[in-house]
Amino acid sequence: MIRFLNNTEIARPNVERKTSILAGMSEVLDSGEYISGKYVEEFEKKFAEYCGGRFCVSVNSGTDALVLSLKSAGIGPGNIVLVPAVSFIATAFAPLLVGARIRFADIDPNTYNIAPDALTSEALEGVAAVIPVHWAGRPVDMEAIGSRLSGKGISVVEDAAQAAGARYGGRPVGSSGNYTAFSFFPTKNLSCMGDGGAIVVGNAVDKDKLRLLRNFGRSGREEFLIPGQNSRLDEIQAVVLLEKLKDIERYNERRREIAALYDRYLDKDILRPIPADVPGHAYHLYVVLVPGDRDRIAEEMLRKGVETAVHYRRSLHEHLRGMGVEFEQSAPLRNAEYYSDKCLSLPMYPYLSEEQVQEVSERLNELI
């Protein structure tokens with residue numbers, strides 16, 4: 001059986017660095033400094049450098065990275081946030097959690113990212129912020145997005161929860177825009193051993209405000225400047241992240257090699273993300289669109305010894321509609337709905353062999 005992703009594969013990068021991780025954890029254990037200590041400070045410095053020399057503020061999850069970015073940008077009740085209709089549910093929850101209204105935009109059928117052509121004058125009317133999602137590790141064309149938003153005073157919060165280490169035009173994700181939110185959930189390309197996240201920003205003013213927001217708005221033991229919350233990264237998680245940051249380029253390069261193998265072995269009738277113009281795709285997921293009944297194909301794949309997954313069978317507007325949450329859309333979301341009906345995620349992690357990729361591809365080709 002070729003698993004989509006199991007606990008052994010999730011643990012394997014940590015086990016590779018086990019000696020160094022345990023040494024750091026032991027030091028933290030002895031120090032009594034478990035929150036916002038030297039390891040957090042060092043990780044923030046090194047991750048900022050990795051993302052183009054900006055500023056990094058660590059937080060306790062990718063969701064809080066989005067929420068605090070919106071709060072820092074002044075987004076709240078009465079504001080409209082434009083969100084692509086395909087992403088993990090946290091992308092939609094973040095605007096709701098700050099009291100904003102959501103307007104959905106359709107995706108590009110070739111990239112699965114927000115379609116720049118969807119950012120029409122009508123779609124952007126009254127919008128205070130846009131959340132482009134670097135879906136599955138494929139970086140958004142931020143230059144195209146920026147040209148659509150130029151001069152409109154709209155904040156940009158990039159959702160890079162699945163895109164640590166991705167690059168566009170040679171520049172790392174996180175090197176442009178107002179805010180870039182990352183998740184370090186255990187299955188991510190850069191991951192810790194629990195929940196964790198970070199926000200990368202371009203100026204010290206935003207950095208200082210975010211540091212207040214993540215720590216109750218506190219500037220001293222008994223001095224609180226703004227309403228904040230508890231969203232700090234633990235020292236233990238920073239130890240893990242510092243070690244695994246050393247491997248992210250190697251792992252992401254292996255993901256690209258695996259994606260190239262899928263491209264070689266998969267039948268041409270199976271639609272897949274177009275990678276030619278984006279050599280920096282991080283391939284957190286390898287998602288294809290299959291003709292026919294996707295769920296039947298997934299069941300048959302499992303019977304043939306290959307486990308797949310679906311990310312995700314309901315688009316965000318369908319989720320919110322099912323919850324009774326109000327939202328807006330300026331145009332039909334046909335590409336997002338088609339994607340959710342046809343998407344299938346194939347096994348994608350650095351330890352897959354070429355023989356396994358070939359077997360996955362052959363099993364899928366037989367069913368198309």
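For the pocket classes used below, Ala, Val, Leu, Ile, Met, Phe, Trp, Tyr, Cys and Pro count as nonpolar, Asp, Glu, Lys and Arg as charged, and the others, Gly among them, as polar. The exercises concern a predicted model.

**Exercise 1. Describe the largest pocket by its volume, its lining and the classes of its lining residues.**

Solution. Begin with the volume: about 740 Å³ of space lies in the largest pocket. Next take the lining, which comprises 42 residues, with Gln162, Phe185, Thr187, Lys188 and His284 lying nearest the centre of the pocket. Sorted by class, this lining has 22 nonpolar, 14 polar and six charged residues. Finally, look for the elements behind it: helix H1 (7-16), H4, helix H5 (90-97), S8 and helix H10 (248-265) each supply at least two residues of the lining.

**Exercise 2. Carry out the analysis for the second largest pocket, and find which element gives the most to its lining.**

Solution. The second largest pocket holds about 290 Å³ of space. Its lining is made by 19 residues, and those lying nearest the centre are Met142, Glu143, Tyr168, Arg171 and Ser176. Two or more lining residues come from each of helix H7 (142-149), S5 and strand S7 (171-172). Of the elements, H7 gives the most, with three residues. By class, the lining of this second pocket divides into seven nonpolar, eight polar and four charged residues.

**Exercise 3. Set out the order of the strands in the eight-stranded open sheet, and identify its edges.**

Solution. The eight strands follow the order S1-S9-S8-S5-S4-S2-S3-S13, and their pairing is mixed. The edges are strand S1 (55-59) and strand S13 (328-329), each of which pairs on one side only. Helix H3 (residues 38-50) packs on the sheet, where it touches S1, S8 and strand S9 (197-201), and its direction makes about 135° with that of S1.

To see the mixed pairing in detail, go strand by strand. S1 and S9 run antiparallel and are joined by five bridges, and within this pair Cys56 has Val200 of S9 as its bridge partner. S8 and S9 likewise pair in the antiparallel sense, over five bridges, with Tyr179 standing opposite Val201 in S9. Strand S5 (residues 155-159) and strand S8 (residues 179-183), by contrast, pair in the parallel sense over three bridges, and there Glu158 has Thr180 of S8 as its bridge partner.

**Exercise 4. Explain why S9 is described as largely enclosed, and state which residues lie on each of its faces.**

Solution. The cut-off needed here is that a residue is buried when its relative accessible area is under 20%. Five of the five residues of S9 are buried, so the strand is largely enclosed by the rest of the structure. In a regular strand the side chains alternate between the two faces of the sheet. In S9, one side carries Gly197, Ile199 and Val201 and the other Ala198 and Val200, and both faces are covered.

**Exercise 5. Assess how far helices H4 and H9 are buried.**

Solution. Start with helix H4 (residues 62-72), where nine of the 11 residues are buried, so this helix is largely enclosed by the rest of the structure. The buried residues are Gly62, Asp64, Ala65, Leu66, Val67, Leu68, Ser69, Leu70 and Ser72. H4 is followed by Gly74, whose phi is positive, near 80°.

Turn then to helix H9 (residues 235-245), which is mostly covered, with 10 of its 11 residues buried. Among the buried residues of H9 are the charged Glu235, Glu243 and Lys244. The cover over the buried residues of H9 includes H1, helix H2 (18-31), H3 and H10.

**Exercise 6. Locate Ser361 and Tyr283, and decide whether each is buried or exposed.**

Solution. Ser361 has its place in helix H14 (residues 354-367). Because its relative accessibility is 0%, Ser361 counts as buried. Leaving aside residues up to four places away in sequence, Ser361 touches Tyr262, Tyr265 and Leu266.

Tyr283 lies in the loop between H10 and strand S12 (286-289). With a relative accessible area of 4%, Tyr283 is buried. As a last step, compare its position with that of Phe55: the two residues are 228 residues apart along the chain, and their C-alpha atoms are separated by 25 Å.

Methods:
Residues are numbered from 1 along each chain as its sequence is written. This is a predicted model: local features need pLDDT of at least 70, side-chain atom pairs count only at pLDDT 80 or more; totals for chains, interfaces and linings use all residues. Side-chain values use heavy atoms; hydrogens and water are left out. Two strands pair if DSSP finds at least two bridges between them. Helices (H or I, at least four residues) and strands (E, at least two) are DSSP runs, numbered from the N terminus. Contact means heavy atoms within 4.5 Å. Axes are lines fitted to C-alpha atoms, for helices over the stretch in contact, and angles run from 0 to 180 degrees between N-to-C directions. Buried means under 20% relative accessible area, exposed over 50%, partly exposed in between (1.4 Å probe, protein chains only). On a 1 Å grid over the protein atoms alone, a cavity is a set of points where a 1.4 Å probe fits but cannot get out, and a pocket is an open set with protein on both sides within 12 Å along at least five of seven lines; lining residues have an atom within 4 Å of a point. Grid points are joined across faces, edges and corners, and a volume is the space filled by probe spheres set on the points.
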